[in-house]
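Biologist: I am new to this structure. Could you walk me through it?

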Protein chains: 2
Amino acid sequence: MVLRCHCPQSSVILLSIPEGASNLAERSRDPVAPVKITDVAALAGVAPMTVSRVLNTPDRVSAPTAARVRAAIEQLGYMPNLIAGGLSSRRSRMIAAVVPTIASPMFSAPVQAFTDAMGLAGYHVMLALSGYDSQDYEDAQIRAVLARRPDGLLLTGARRTPSIRKLLHDSHLPVVEIWDTSDDPTDVLVGFDHREVGAAVADFFAERGHTNFAMLYASDPRAMARREGFAARVAERGLALVAERELPAPSSIGDGRRGLIGIKDRLAPRTALFCSSDLVAHGAITEAGLHGIDVPGQLAICGFGDFEISSNGHPSFTSVRVDGEVIGRVAAEQLLERIRGTDQPGRVLVPFKIMVREST
Amino acid sequence: MVLRCHCPQSSVILLSIPEGASNLAERSRDPVAPVKITDVAALAGVAPMTVSRVLNTPDRVSAPTAARVRAAIEQLGYMPNLIAGGLSSRRSRMIAAVVPTIASPMFSAPVQAFTDAMGLAGYHVMLALSGYDSQDYEDAQIRAVLARRPDGLLLTGARRTPSIRKLLHDSHLPVVEIWDTSDDPTDVLVGFDHREVGAAVADFFAERGHTNFAMLYASDPRAMARREGFAARVAERGLALVAERELPAPSSIGDGRRGLIGIKDRLAPRTALFCSSDLVAHGAITEAGLHGIDVPGQLAICGFGDFEISSNGHPSFTSVRVDGEVIGRVAAEQLLERIRGTDQPGRVLVPFKIMVREST
DNA sequence: TTGTATGCGTTATCAA
DNA sequence: TTGATAACGCATACAA
C-alpha cells in the first residue's frame with residue numbers, strides 16, 4: 001500500500017509504510033474510558049472535591065489524606081482534564097500569542113522566552129500567526145483565539161482596529177502588546193519606539209560625519225516607523241536621503257541583495273545605509289562586496305536586530321540591539337501580574353543599543 | 001509611579017507608565033456577563049441546539065432559521081465558548097506541538113507551516129518547548145499538554161520512552177512525529193533518516209576524491225545520528241576521519257567558529273568537513289577565512305539545513321536541503337487524516353538533497 | 001479539614 | 001428541520 005500526499009509543491013516526496021510495526025492503527029471510536037476525578041476519589045475513599053484540592057490547593061488537605069489521594073492518582077494514572085477544569089473555574093490557564101511569524105528571530109526569540117516563562121507559571125501558549133498581509137487577518141486571528149477563552153493575550157505591535165480594541169476592552173482580558181509602543185496601549189505594553197530607533201541611527205551616522213543617507217526597509221508597520229524616524233532626523237539635520245527602497249515583509253537576505261542592487265546607482269561616494277533587519281543588512285553587505293563597493297569606506301551599513309550573524313559573521317556589522325528574549329520574559333511577568341491582579345497596567349520600555357562593528 | 005521589573009538579567013530596562021491613557025485598568029472581578037448560546041437562542045426564538053447547529057452543521061438548518069440566528073449572533077456579538085464545546089463534544093479542536101525550540105529555522109519552519117495548515121482546518125496549536133537537555137523534560141511537557149485533551153499531537157523525533165509510548169497508545173490520540181524516522185513510529189511519521197544523510201554526505205565527498213574527513217556536530221540525537229552515518233560510511237570506504245568535535249545543542253555560528261578552532265590543527269592538507277547545521281558551517285567558514293585556510297581548496301565544507309545563508313551569503317556553501325515547510329504541511333495533512341479516521345498510520349519519508357555550492 | 005449541591009456553556013442523542 | 005434532556009468533568013460556594 002502506498003500513501004498519497006496531497007501536497008502540490010511536494011511532488012518529490014517518497015512514501016512508505018512501516019512493516020509490521022505496532023502502532024495506533026487500532027484506534028477505536030470507543031476509547032478506553034479515561035480516568036476521571038471521581039474514579040480517583042472512589043479509590044482513595046474521599047470526595048472528588050478533596051482530590052481537586054490535593055491538586056490545586058494542597059495546603060488545605062491533611063497530609064495523610066493527600067498521601068492516599070496521590071497514591072490513587074498514581075495507581076490509576078489519573079490526568080486531570082483541564083478543559084473541564086477550565087469551564088468550571090472560568091480560567092483556562094492558556095494564553096494566546098498572536099505574532100506575524102515565528103520564521104524570524106525578531107519574533108521567535110520573544111515567543112520562545114514568553115512560552116518558557118508562562119510554562120513555569122502553569123500556562124500553555126496557543127500560537128496564532130497573523131502574517132504581514134492584512135490587518136483583517138490579524139483581527140480574525142484575535143477573534144478566533146478569544147473563542148478559546150484564554151486567560152490573557154500577547155499581541156504584536158500597538159496598533160489595533162477600533163472594533164478589536166472594543167472587543168478586548170469588553171472582554172476585560174489582560175493583554176500585553178510587544179515590539180512597539182504607543183501613548184495609548186490596550187493594556188500592558190513591553191516594547192520600544194521604532195521612530196526613536198530610526199532617529200538614533202541617523203544621529204549615530206551624522207555624528208560620524210555622514211551627510212548622505214540611504215535606507216532599505218521592509219513594508220511592515222514597525223520597519224516603516226523606523227524608516228520614518230530615520231528620514232525625519234536626516235531631514236531635521238538638513239542632510240540628504242539619497243536613496244531608499246521598500247522590501248517585502250518579512251525581508252530575507254536575498255531581499256537585501258536585491259535592495260542594494262536597486263539603490264546602488266544612486267549612492268553618493270560615501271553613504272550611510274540603514275537596513276530594517278540584519279538579514280537585509282547581511283544581504284546588502286554581500287552584494288556590495290560583489291560590486292566592489294567598499295564597506296565601510298564607500299558604504300557604511302547598520303542593521304537591526306543584532307542577530308548572531310551581525311556579530312559572528314565576517315565582516316561583522318553594526319546593528320541595533322533589542323533583546324527579544326527580555327521582551328518575551330518581561331511580557332510574561334507583566335501579564336502574570338495582570339492576571340493575578342497585583343499590578344496596574346503600564347508600559348515597559350526596553351532599551352535599544354547600537355552595537356558598533358566593522359561595517360561603520 | 002514607577003513600575004518595577006523583577007527580571008534580574010534586565011537591569012537596563014527603562015520603566016514608565018502611560019499618562020492619562022484609557023486602558024483596561026478598570027478590569028472588574030465581575031466581568032460583563034459574556035453572551036452565551038442561550039442568549040442568542042432567546043433572541044432568535046429558537047432552541048440553543050439550533051444555534052449550535054447553525055455554527056457547526058449549517059446544512060441541517062433551514063435557510064430562514066439560520067438567517068434569524070445569524071442576525072442574533074451578529075447583534076449580540078456572540079462568540080462561542082470553545083472550552084465548553086470541547087468538554088461536551090470531547091473534541092478540543094486543539095493540537096499540541098512539542099518541539100525542542102523555535103529559535104532555530106530547523107523547527108520554526110515546520111511549526112509555522114503546521115500551525116498555518118492546522119489553522120485553515122479550524123485547529124489551534126499549543127506550543128510546548130522541550131529543549132535539548134533532558135528526555136524527562138520532554139516527557140513532562142508531553143504529559144502536561146495531554147491534560148489539555150488535544151485532538152492530536154505533533155512530536156519531534158521518533159524516540160519515545162516506554163512510559164510515554166504507553167501513555168500515547170492508551171490515549172488513542174493521533175500523533176505525528178517529525179524530523180526523524182523509525183521502523184516503529186508511535187503513529188504517523190513525517191521525516192527522514194539522519195544516518196542516511198550522513199552517509200550521503202560522506203559519499204558526496206568521497207566521490208569528489210576526498211580521503212580525509214572531519215565533523216562538527218551538535219549534541220542532539222538527530223545531529224549525532226547524522227554524525228554516525230557519516231563516520232560509518234567513511235569507515236566503510238576505508239577512509240580517515242581525522243577530526244571531530246561535539247558542540248552544544250542547538251549550535252550557533254559562534255559554536256561553529258569555536259569548533260573549527262578546536263579541530264584546525266588536526267586537519268589534513270585537504271579535508272572534507274561536515275557540519276551538523278548551517279549555522280555551524282557558516283561559523284566554520286568564517287573562522288577558516290580568518291586563519292587563512294582556503295575553502296574549498298584546503299577545507300571543503302558541507303552544512304545541513306539549507307538555511308538562506310547557505311545560498312545567499314558569500315561565499316555560498318554546500319548544504320543538505322530538507323524542506324521544513326513541507327514537513328510541517330505534510331504533518332498537518334497526515335494528522336488531519338488520522339483525526340478524520342480516513343487514513344491508516346504510516347511513514348512519509350521526505351527527501352533530502354545536497355545543494356552543491358562554492359564551499360566544496 | 002472534608003463533603004454536598006450546583007453550575008460552567010456547550011453538544012450528543014433521541015424524540016417530535 | 002427542530003427541540004428537550006442529559007451529560008461532559010471539574011471547581012465554586014457553602015455547609016458540616
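What follows is a set of short questions and answers on a predicted model.

Biologist: How is chain A divided into domains, and which domain is split into two segments?
Modeller: The domain assignment gives three entries for chain A. Domain 1 covers 2–80 and domain 3 covers 194–321. The remaining one is written as 91–193 + 325–351, and that is domain 2.

Biologist: How many residues of domain 2 of chain A touch domain 3 of chain A?
Modeller: The centres of these two domains, taken over C-alpha atoms, are separated by 29 Å. On the domain 2 side, the touching residues are six nonpolar, three polar and three charged. They meet 11 residues of domain 3, and on the domain 2 side they number 12.

Biologist: Which element gives the largest share of the surface near DNA strand D?
Modeller: Strand D is surrounded by 23 residues. The closest are Lys36(A), Ile37(A), Ser52(A), Gly85(A) and Ser88(A). Two or more residues each come from H2 and H4 of chain A, and from H2 and H4 of chain B. The largest share, five residues, comes from H4(A).

Biologist: How many charged residues are in the surface near DNA strand D?
Modeller: Sort that surface by class. Nonpolar residues number 11 and polar residues 10. The charged residues number two.

Biologist: Which elements of chain B give two or more residues to the surface near DNA strand C?
Modeller: Strand C has 26 residues around it. Among the closest are Thr65(A) and, from chain B, Ile37(B), Ser52(B), Gly85(B) and Ser88(B). By class the surface has 13 nonpolar, 11 polar and two charged residues. Chain A gives two or more residues from H2 and from H4, while in chain B the elements are H1, H2 and H4.

Biologist: Where on H4(A) do the buried residues sit, and what covers them?
Modeller: The buried residues are Leu82(A), Ile83(A) and Gly86(A). They span an arc of only 105 degrees around the axis, so they lie on the same side of H4(A). An α-helix has 3.6 residues a turn, so residues three or four places apart point the same way. The cover includes H4 of chain B.

Biologist: Which contacts does Val51(A) make beyond its neighbours in sequence?
Modeller: Val51(A) lies in helix H2 of chain A. Val51(A) has 28 other C-beta atoms within 10 Å, so it counts as buried. Its C-alpha atom is separated by 9.3 Å from that of Thr65(A), 14 residues apart along the chain. Leaving aside neighbours within four places, its contacts are Ile37(A), Val40(A), Ala41(A), Ala44(A), Val46(A) and Val69(A).

Biologist: Why is strand S7 of chain B described as largely enclosed?
Modeller: In a regular strand the side chains alternate between the two faces of the sheet. One side of S7(B) has Asn212(B), Ala214(B), Leu216(B) and Ala218(B), and the other has Phe213(B), Met215(B) and Tyr217(B), all buried. S7(B) is largely enclosed because its buried residues number seven of the seven.

Biologist: Which residue stands opposite Ala214(B) in S8(B)?
Modeller: S7(B) and S8(B) run parallel. Seven bridges join them. Opposite Ala214(B) stands Ala243(B).

Biologist: Where are the cis peptide bonds at Pro250(A) and Pro250(B)?
Modeller: Most residues other than glycine have a negative phi, and most peptide bonds are trans. The bond joining Ala249(A) and Pro250(A) is cis, with omega about -5 degrees. The bond from Ala249(B) to Pro250(B) is cis too, with omega near -10 degrees. Pro250(A) is in the loop between S8 and H10 of chain A, and Pro250(B) is in the loop between S8 and H10 of chain B.

Biologist: Is His172(A) buried or partly exposed?
Modeller: His172(A) lies in the loop between H7 and S5 of chain A. Its phi is positive, near 55 degrees. A residue needs 20 or more C-beta neighbours to be buried. His172(A) has 17 inside 10 Å, so it counts as partly exposed.

Biologist: Is Asp306(B) buried or exposed?
Modeller: Asp306(B) lies in the loop between S10 and H12 of chain B. Its phi is positive, near 55 degrees. With 23 other C-beta atoms within 10 Å, Asp306(B) is buried.

How values were computed: Residues are numbered from 1 along each chain as its sequence is written. Chains are lettered from A and ligands numbered from 1 in the order in which they are written. This is a predicted model: local features need pLDDT of at least 70, side-chain atom pairs count only at pLDDT 80 or more; totals for chains, interfaces and linings use all residues. A residue is near a molecule or strand if its C-beta atom, placed from the backbone, lies within 6 Å of it. Helices (H or I, at least four residues) and strands (E, at least two) are DSSP runs, numbered from the N terminus. Ala, Val, Leu, Ile, Met, Phe, Trp, Tyr, Cys and Pro count as nonpolar, Asp, Glu, Lys and Arg as charged, and the others, Gly among them, as polar. Domain bounds come from an automatic or database domain assignment. Two residues are in contact if their C-beta atoms, placed from the backbone, lie within 7 Å. A residue is buried if 20 or more other C-beta atoms lie within 10 Å of its own, exposed if 12 or fewer, and partly exposed in between; C-beta atoms are placed from the backbone. The arc is that of the directions from the helix axis to the C-beta atoms. Two strands pair if DSSP finds at least two bridges between them.
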